[in-house]
Amino acid sequence: MKKSAFLLVLALMLALSAVTLVGCGSDDADDTDADTGTEAVSDLPAGVQAIADEGELRVGVKADVPNFGLQDAASGDFSGMEIDLAYELAERMGLSMDDVKFEAVTAKTRGPLLDNGQLDVVIATFTVKPERLEQWNFSDTYYQDEVGLLVKTDSGIEGLADLDGKSIGVAQGATTRDAVLVETDAAGISVEFFEFATYPEINAALESGRVDAFSVDKSILSGYLTEDSMILDDGFSPQDYGIATKLGSDDLTTFINDMLDEMVESGDMDTLLAKWNLK
Amino acid sequence: MSEFFASIGFLQEGPFAVPRWEALFEKGMDTLWQGAATTLLVASLGLALALVLGIVIGVMSASHWRIPRAFARGYVEFFQNTPLLIQVFMLYNALPLLFEGLFLPVVTIGILGVGMYHGAYIAEVVRAGIQSIGRGQLEAALSQGFGYVGAMRYIVVPQAMRIVLPPMTNQAVSLIKNTSVIAIIAGGDLMYAGDSFAGRFGHYGPTYVMVGLIYFLMCFPLAILARRLEERLRAD
């Protein structure tokens, strides 16, 4: 009896690894097909051509921000405004939509993933800040958003002033903490910050009453709005979202800036924002 | 000397560049030391709890009474077979929802978390130690008029203790490292301090190297101690 159970487990493991191997194999096949189907675009700058030659564009995106970068739990597909920007970028490199490989990132992982070469670009509600410009290349701004506060409706908190002595949950590696601090200092109130690695963790802390407010960019907050929570009217320190690439990859940054300029001029950017209910 | 450093590429640019190390030493070390102090607090009180729980439950699971044995078994299986991460997350977020307003401080959660979790492992070590002492020892003690608890307390456990010390010390090392899970509930420990500093300023390269080094400095002496104890045991 014991032996047959062991054999069963062994068989299951073998079957699983076989499935995984076959999965990888077919992926490779897809890649080759895509490669042969790709027309080389000759007038690309060297830094961009290098990516086009690889035959794939590896993009870090958010998986949990509705309208920007959201991953469907069932299909694993990504959708959102930033996803469409990645497709547009790929097209301009002569790559197809299938050549775009998305990787979910958080505020904490996106920088290191660019540095170690696992990602070519990061389009993930990444705010441009002076100290970040020393570490990564950033494109021009493609969206501007405010930092907001999500509170529970029954908390009695109606504005920033009500937060005196309260606790605020923020994301690690985000600029929120410093942005909120400037406002609370100006208002003469003191708050305590708790940092979490992901938005769902901050949301859980808000739900359980561990923190009194969940603070991050308003566009991100809108994804966590429920019947018994609300986003305060207060909004501060406009955050400029830029497309990040590895420090020194100037060819790519210029290429991305040209793309953004053209999209704004042609009106494609407005169409894109309208498509995702953004303004 | 400076030429030597200039020849090392990764110190010039990238995540490990020299200016990042300078930034860490200028404005990051205070944060890290504060975190290290919290980690030491959680680890030491957690270890005390784990030892008490481990010995009591270990003795229970080696006993011949059915109910304590069943309880000890249940305890050990529960804590050994669920991730510490989930236990800590539940204490943090689920407890206030189940019992209105029961907000255990994060440090307390850390102490309870690692204490109960490693208590289960130490209980297994203690049980194995007791069972390795010949049954004759217990029988002899009982025949001399000791009760069961007295025989355990004065005869069996002291002998078992010598055998279980090295694996127990290894548990202490693991316990120190596992305190880092409270970083996910904003625990203010060394890992959290490192995450926080690395996240705010982006100097994650030097920061995590330093965090790892501090954990190493806390654990290494204990690991050495475990080896010494083991060698002494073998010499006997």
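1. Angles between helices are put into classes by cut-offs, in which those under 35 degrees count as roughly parallel, those over 145 as roughly antiparallel, those from 65 to 115 as roughly perpendicular, and the rest as oblique. The axes behind these angles are lines fitted to C-alpha atoms, for helices over the stretch in contact, and the angles run from 0 to 180 degrees between N-to-C directions. The model discussed here is predicted, so that local features need pLDDT of at least 70 and side-chain atom pairs count only at pLDDT 80 or more, while totals for chains, interfaces and linings use all residues. Residues are numbered from 1 along each chain as its sequence is written, and chains are lettered from A and ligands numbered from 1 in the order in which they are written.

2. In chain B, the axes of helix H5 (residues 106–132) and helix H7 (residues 148–178) come within 8 Å and cross at roughly 155°, and H5(B) and H7(B) are therefore roughly antiparallel to each other. Helices and strands here are DSSP runs numbered from the N terminus, with H or I over at least four residues for a helix and E over at least two for a strand. The crossing of H5(B) and H7(B) is right-handed, where right-handed means that the near helix is turned clockwise from the far one by less than a right angle, and left-handed that it is turned anticlockwise.

3. The residues that make this contact include B:Val114, B:Tyr121 and B:Ile130 of H5(B), and B:Val156, B:Ile163 and B:Leu175 of H7(B); two residues are in contact if their C-beta atoms, placed from the backbone, lie within 7 Å. By class, the contact of H5(B) with H7(B) has 14 nonpolar, six polar and no charged residues, where Ala, Val, Leu, Ile, Met, Phe, Trp, Tyr, Cys and Pro count as nonpolar, Asp, Glu, Lys and Arg as charged, and the others, Gly among them, as polar.

4. Also in chain B, the axes of helix H2 (residues 18–62) and helix H3 (residues 66–80) come within 7 Å and cross at roughly 125°, and H2(B) and H3(B) are therefore oblique to each other. H2(B) passes H3(B) in a left-handed crossing, with B:Ile57, B:Met60 and B:Ser61 on the side of H2(B) and, among others, B:Pro68 and B:Phe71 on that of H3(B).

5. The contact between the chains takes 14 residues from chain B and 20 residues from chain A. On the side of chain B, the elements that give two or more residues are helix H4 (84–98) and helix H8 (190–201), and by class this side has eight nonpolar, five polar and one charged residues.

6. Chain A is divided into domain 1 (42–142 + 242–275) and domain 2 (145–239), with bounds that come from an automatic or database domain assignment. The C-alpha centres of the two domains of chain A lie 27 Å apart, and 11 residues of domain 1 are in contact with 15 residues of domain 2.

7. An open sheet of five strands in chain A has the order S5-S1-S6-S14-S7, with mixed pairing; two strands pair if DSSP finds at least two bridges between them. Strand S5 (100–104) and strand S7 (136–138) of chain A stand at the edges, each with a single partner strand, so one side of each has no neighbour in the sheet. Five bridges join strand S1 (residues 57–61) of chain A to S5(A), and these two strands run parallel.
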